[in-house]
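Visitor: I am new to this structure and would like to look closely at a single part of it. Could you take me through the last strands and the charged side chains around them?

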Amino acid sequence: MVRRLVAEGVRIFRSPGTWGSDGDGGRGFYALRATRDFATQGIGVLWTRVDNSAIDRRADVHAIDHRWSPGQGWSIRSTMVGSQIDAAGARTDDSGAQVL
């Protein structure tokens with residue numbers, strides 16, 4: 001079951017437990033999303049973690065996004081994302097960005 005706690009501009013999602021297809025794989029999911037809006041701009045951060053002990057894997061994803069509306073009909077969005085995956089003792093890091 002996913003539980004959601006909401007505060008002003010902050011959302012927390014949590015679902016620890018057994019999500020494995022065979023019913024005994026312990027996989028937990030956690031996410032934190034915080035946003036702040038201003039007159040013509042907004043910013044947000046996101047952190048997620050999936051922890052799957054059945055296959056010895058944990059993945060963290062971090063993201064920062066920015067929204068800007070400089071004038072009527074214009075909207076510019078940018079996002080930066082980073083990830084860290086630990087699986088069976090090996091670590092993989094990656095990142096990316098986009099502007100729309």
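Guide: What follows is a walk along one hairpin, then out to the salt bridges and a patch on the surface.

Please keep in mind that this is a predicted model. The part to begin with is strand E7, which covers residues 90–99, and its partner is strand E6, made of residues 76–87. These two strands pair in the antiparallel sense, and the pairing runs over 10 bridges. Between them the hairpin has two residues, and Ala 88 takes a positive phi near 50° there. Of the 10 residues in strand E7, the number that count as buried is zero, so the strand lies largely in the open.

Within this pairing, Met 80 stands opposite Ala 97 of E7. Beside that position you can look for Gly 96, which also has its place in strand E7. With a relative accessibility of 36%, Gly 96 counts as partly exposed, because the buried class requires a value under 20% and the exposed class one over 50%. When residues up to four places away in sequence are not counted, Gly 96 touches Thr 79, Met 80 and Val 81. One of these, Thr 79, is 17 residues from Gly 96 in sequence, while the two C-alpha atoms are 8.3 Å apart in space.

From here we can turn to the charged side chains. Side chains of opposite charge can pair when their charged atoms come close. The count in this model comes to seven salt bridges. One of them lies within the residue range of E7, where the side chains of Asp 93 and Arg 91 meet with 3.0 Å from N to O, and Asp 93 is partly exposed, with a relative accessible area of 48%.

Arg 58 takes part in two salt bridges, and its partners are worth viewing one after the other. With Asp 60 its side chain meets at 3.7 Å, N to O, and with Asp 86 at 3.4 Å, again N to O. Because Arg 58 lies in strand E5 (residues 57–68) and Asp 86 in strand E6, the second pair ties together parts that are 28 residues apart in sequence. As for their surroundings, Asp 60 counts as buried at 4% relative accessibility, whereas Arg 58, at 31%, counts as partly exposed, and Asp 86, at 25%, is likewise partly exposed.

Other salt bridges share partners and thereby join Arg 33, Asp 37, Asp 65 and Arg 67 into one network. Within this network, Arg 67 is a useful residue to follow, and you will find it in strand E5. A polar contact of 3.0 Å joins the side chain of Arg 67 to that of Asp 37, and another, of 2.5 Å, joins the side chain of Arg 67 to that of Asp 65. Leaving aside neighbours within four places in sequence, Arg 67 is also in contact with further residues, among them Arg 33, Arg 36, Thr 40, Gly 42, Ile 76 and Arg 77.

The last stop brings us back to Met 80, which belongs to a nonpolar patch on the surface together with Phe 38, Ile 43, Val 45 and Ile 64. Taken together, these residues have about 460 Å² of accessible area. Among them, Phe 38 is found in the loop between strand E3 (27–37) and strand E4 (41–52), while Met 80 is the residue that we met opposite Ala 97 in E7.

Conventions
Residues are numbered from 1 along each chain as its sequence is written. This is a predicted model: local features need pLDDT of at least 70, side-chain atom pairs count only at pLDDT 80 or more; totals for chains, interfaces and linings use all residues. Side-chain values use heavy atoms; hydrogens and water are left out. Buried means under 20% relative accessible area, exposed over 50%, partly exposed in between (1.4 Å probe, protein chains only). Helices (H or I, at least four residues) and strands (E, at least two) are DSSP runs, numbered from the N terminus. Two strands pair if DSSP finds at least two bridges between them. A salt bridge is a side-chain nitrogen of Lys or Arg within 4 Å of a carboxyl oxygen of Asp or Glu. Patches are made of residues with over 30% relative accessible area and no salt bridge: like charges are joined within 9 Å, nonpolar side chains (Val, Leu, Ile, Met, Phe, Trp, Tyr) within 5 Å. Accessible areas come from the Shrake-Rupley method with a 1.4 Å probe; for residues, only the protein chains shown count as cover. Contact means heavy atoms within 4.5 Å. A polar contact is a pair of N or O atoms within 3.5 Å; within protein, one must be able to donate a hydrogen and the other to accept it, and residues adjacent in sequence count only if both atoms are side-chain atoms.
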